[in-house]
Amino acid sequence: MPGTARFLPSPLVEIGRADITAHVEWTSLVNCALASGFDLAGFTDQHHFVTAMMAGPMCAEFEGRENAPATRALQTLLHPELLGRSFQYLALSKEVESNAKLSGLAFAKPPREQLGLAEA
């Protein structure tokens with residue numbers, strides 16, 4: 001029945017028709033990670049993450065391509081009013097130099113601010 005949630009034994013069942021997304025309460029997850037010795041390396045949405053990745057070496061992969069369906073799919077993934085803010089990226093680190101930066105987080109706002117956490 002449409003609209004009825006049900007358990008699937010595998011995310012590979014009904015590929016393309018099954019919603020395998022999950023809602024995550026990030027603040028508690030981050031607090032547990034911090035208590036376990038991890039550092040908060042970054043947090044951002046799909047729009048900012050993929051845009052930052054496309055600004056770097058990945059951009060060359062798409063330059064000059066005349067593929068309208070792929071372009072529309074990418075726009076759907078990135079548009080803030082479509083999927084761009086629906087999916088989020090959390091980066092945790094442990095024993096990594098504090099000045100190490102992940103390119104996908106180049107346009108991210110301060111993660112503690114986004115998650116509503118007090119400064120460390």
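Which residues does L115 touch, not counting residues up to four places away in sequence? In the predicted model, the partners of L115 are W26, T27, V30, L40 and F43. Four of these partners recur in the largest nonpolar core, which consists of W26, V30, L40, F43, L115 and L117. Helix α1, spanning residues 26-35, and strand β1, spanning residues 39-45, each contribute at least two residues to this core. In soluble globular proteins, nonpolar side chains tend to be buried together.

The protein contains five helices and two strands. Read from the N terminus, the elements follow the order α-β-α-α-α-β-α. Of its 120 residues, 19% are classed as buried. The accessible surface amounts to about 9100 Å², and carbon and sulfur atoms account for 58% of that area. Among contacts in the protein with a separation of 6 or more, 79% join residues that are 24 or more positions apart.

Confidence was examined for the protein and by element. The mean pLDDT of the protein is 81, with 85% of the residues at 70 or more. Helix α1 has the highest confidence, with a mean of 95, whereas helix α3, residues 59-62, has the lowest, with a mean of 57. Where pLDDT is low, the predicted coordinates should not be read in detail.

Strand β1 also takes part in the largest pocket, where its five residues form the largest share of the lining. This pocket encloses about 460 Å³ of space. Its lining comprises 18 residues, and those nearest the pocket centre are L40, A41, S98, A100 and K101. Both β1 and helix α5, residues 111-115, supply at least two lining residues. L40 is thus named in two settings: L40 belongs to the largest nonpolar core, and L40 is also among the residues nearest the centre of the largest pocket.

A41, another of the residues nearest the pocket centre, is located in strand β1. With a relative accessible area of 38%, A41 is classed as partly exposed, because this value falls between the 20% limit for buried and the 50% limit for exposed residues. Beyond four places in sequence, A41 is in contact with A91, L92, S93 and L105. The C-alpha atoms of A41 and V96 lie 9.4 Å apart, with a sequence separation of 55 residues.

The contact between A41 and S93 links β1 to strand β2, since S93 belongs to β2, residues 88-93, and A41 to β1. On the side of S93, the contacts beyond four places in sequence are F38, D39 and A41. The relative accessibility of S93 is 15%, and S93 is therefore buried under the 20% limit.

T44 is a further residue of strand β1. Is T44 buried or exposed? T44 is buried, because its relative accessibility of 2% is under the 20% limit. Apart from neighbours within four places in sequence, T44 contacts F49, Q88, Y89, G104, L105, A108 and Q114. L105 is also listed among the contacts of A41. Between the C-alpha atoms of T44 and K109 the distance is 7.2 Å, although 65 residues separate them along the chain.

E95 is placed in the loop between β2 and α5. Its phi angle is positive, at about 60 degrees, although E95 is not a glycine. E95 has a relative accessible area of 79% and is exposed, because this value is over 50%.

Definitions and conventions
Residues numbered from 1 in each chain as written. Predicted model: local features only at pLDDT ≥ 70, side-chain atom pairs only at ≥ 80, totals over all residues. Heavy atoms only, no water. Helix = DSSP H or I, 4+ residues; strand = E, 2+ residues; numbered from the N terminus. Buried < 20%, exposed > 50% of the residue type's maximum accessible area, 1.4 Å probe, protein only. Contact = heavy atoms within 4.5 Å. Areas by Shrake-Rupley, 256 points an atom, 1.4 Å probe, with all protein chains shown as cover. Core = buried A, V, L, I, M, F, W, Y, C linked by side-chain atoms within 4.5 Å. pLDDT = per-residue confidence, 0-100. 1 Å grid on protein atoms, 1.4 Å probe; cavity = no way out; pocket = protein on both sides within 12 Å on 5 of 7 lines; lining within 4 Å. Points joined across faces, edges and corners; volume = space filled by probe spheres on them.
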